[in-house]
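Let's take a walk through this structure together. We will begin with the sheet and finish at the ligand.

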Amino acid sequence: MSEPNKVGWKPFFSLISKSKLPWGLYILTFIVMISTASVTLMSPLILQKIMSGEIFDAKLVFQYIGLAIVTAITVSLSGFTRIFANARTTRNIQNTLWSKYIRVPLPFFNKEPSLLLISRLTHDPTHINGAINYTMSLLMSTYSLVGSIIIMWGMNVKLTLVLLPVIPYILIVTLVVGHFTQKTQERVQYRYSGMTAFIAERLPKIRLIRSFGKEGEEIENGKNVIENQYKADVSRAVVDLYGEPLLQSVQGIIMGLVLIYGGYLTSIGELDIGSLIAFYLYSANIHNNVQQYGLFYQVLKGAKGAAHKISKIVDSDSEKYERSKAFDEVLQSSNGNLALEHVSFSYEERNVLKNVSFTIPKGKVTAIVGPSGGGKTTILSLIERFYEPNVGRLTFGNIPSEQIHLDDWRNAFSYVSQGSPILSGTIRENITYGTEREVSDEEVIQAAKKANAYGFIKDFPDGFETEVGEMGSKLSGGQRQRIAIARAIIKNPKYLLLDEATSSLDIQTTTKIQAALDELMVGRTTIVVAHNLSTVQEANHIVVVEHGMISGQGKHDELMESNKLYRELVEIQFAKEQMLAW
Ligand SMILES: Nc1ncnc2c1ncn2[C@@H]1O[C@H](COP(=O)(O)OP(=O)(O)OP(=O)(O)O)[C@@H](O)[C@H]1O
Ligand SMILES: [Mg+2]
């Protein structure tokens, strides 16, 4: 996994300060953890007194049992508060990220694959929690370690001195084992993401795979990806195979030293049996606590990396919604014309639009025509303000678009796109999506009728309550489009952006959709990317877009005279429509 290496702590602290962490809960957790550590430090001392066999005191036994009960309670309590705090941290970070995803400008999504964005939200917050938990554990371990050594020192200096050199050894072993564990674990995760991405991309394209007879090849590709993951899992297991004995050896060495040298000291009367037992228990503390330091580097590196990735998203600019002018205000005080003025635009490096200028008069139909890939949909995206021009500007009533409230702007427009996006849910929910006011059943039926969708909707057993499946998978392309048209009719926008589908539907469906679109266009300022001859001919103004440039504009008759490309497009379309009708 390509973790950013030279990442500082700034993103981490900036993220936790933005995410309103439940500090109270963390402090409570820490206090309970320290109490547990204190009780754990006290227990062997009582055991020492009981085992020394000088006098039998039942009170001591009760104390010992009491401490065991207290430990059980504090351990479960700190477990609870810690998980509770972690859940809150995760939730807060996820909320921050999600709000950002919804508000971030669209170019962001051209750069980041959505699976990665999902993992940012589901997986990365665990690293942040990891670092906070780890810091608390480390503080507790330090307390426990220092406490143990002080108590051991008080019992027997010689035996303590013999044990101290083991500490660097434990550190080295845990660092080395930790390093390999981390490396192989990263590989497991990386390959796992790779596998998820592979499957997630293939499943929705299963029809494509079958229709091109690629089953055998894809089975092999999938097997390779799965095999890679399997190999990563195995190498992770091999690290455990060698690592675990090494870690256990540390425990063995400590126990051996305590029992041999401690046993000897007992035999010559320098240590009583109770102290030997207590010593034995404290020495286990050394092992467990020093181990924590071995993980230091990995946990913090993971947290820094995750915080960096999350912060990059959280700290990026959102779309700017708050601007002085309301759309309606401008509409009333101006001619209400939209205009692109010397607009150039590129998605990435390549220029898609070059010096495009034209006016969209209020209340009229403006058609954009031109060959595929010329930049027609891009023009609509700019008008919808999904993207901003690199050069030039978009104006409404002579006011630059950036000065007009974005929410308002988008509310005034409806965009019926080539793809007609449909969400999972019912047909009714899809038709009313994006309309804030209450919509009556009657209104939904009327919209469906106008969109030429009522016929097929009522043929479904559940009518408007029919679940459309993931991304509308239970609907045909033409049905999806008519639902999108009904949605636009309900929204009742002043300005309409239409991207006519190029896909060749059958003549009846095309006619139905065309009729629905004509109905939708009535009384609205419409900008339509048109493939249909009748739409083009009836438009008040036609703009011909070719390779990102405007090669001509005017009325149908004028363009037939002056624009060669336009003439060709019309002739091809005419021939096509003749064929379809035939
Ligand atoms: N999100 C994107 N990122 C990068 N390039 C893009 C993106 N969308 C479109 N393009 C490129 O911009 C150019 C114009 O695309 P656009 O979708 O505007 O064409 P179009 O005129 O609508 O074509 P069609 O008639 O086929 O719908 C194309 O070359 C395309 O490759
Ligand atoms: Mg297009």
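What follows is a short tour of the sheet, the helices that lie across it and the ligand shell.

Keep in mind as you look that this is a predicted model. A good place to start is the open sheet of six strands, whose pairing is mixed and whose order reads E6-E7-E8-E3-E9-E10. Strand E6 (413–416) and strand E10 (549–554) stand at the edges; each has a single partner strand, so one side of each is left without a neighbour in the sheet. On average, and ignoring direction, neighbouring strands here are turned by 15° against each other.

Now zoom in on the E10 edge. Strand E9 (residues 541–546) pairs with E10 in the antiparallel sense, over five bridges. If you would like a spot to click on, Val-543 stands opposite Gln-553 in E10.

Next come the helices. Helix H19 (residues 477–491) lies across E6 and E7, and runs at about 175° to E6. Helix H14 has a longer list of partners to follow: it lies across strand E3 (365–369), E6, strand E7 (495–499), strand E8 (525–529) and E9. Relative to E8, H14 runs at about 150°.

H14 also leads us to the ligand. Which helix gives the largest share of the shell around ligand 1? That is H14 (residues 376–383), with three residues. In total, 13 residues surround ligand 1, and the closest are Tyr-347, Ser-372, Lys-376, Thr-377 and Thr-378. By character, the shell divides into nine polar, two charged and two nonpolar residues.

Definitions and conventions:
Residues are numbered from 1 along each chain as its sequence is written. Chains are lettered from A and ligands numbered from 1 in the order in which they are written. This is a predicted model: local features need pLDDT of at least 70, side-chain atom pairs count only at pLDDT 80 or more; totals for chains, interfaces and linings use all residues. A residue is near a molecule or strand if its C-beta atom, placed from the backbone, lies within 6 Å of it. Helices (H or I, at least four residues) and strands (E, at least two) are DSSP runs, numbered from the N terminus. Ala, Val, Leu, Ile, Met, Phe, Trp, Tyr, Cys and Pro count as nonpolar, Asp, Glu, Lys and Arg as charged, and the others, Gly among them, as polar. Two strands pair if DSSP finds at least two bridges between them. Axes are lines fitted to C-alpha atoms, for helices over the stretch in contact, and angles run from 0 to 180 degrees between N-to-C directions. Two residues are in contact if their C-beta atoms, placed from the backbone, lie within 7 Å.
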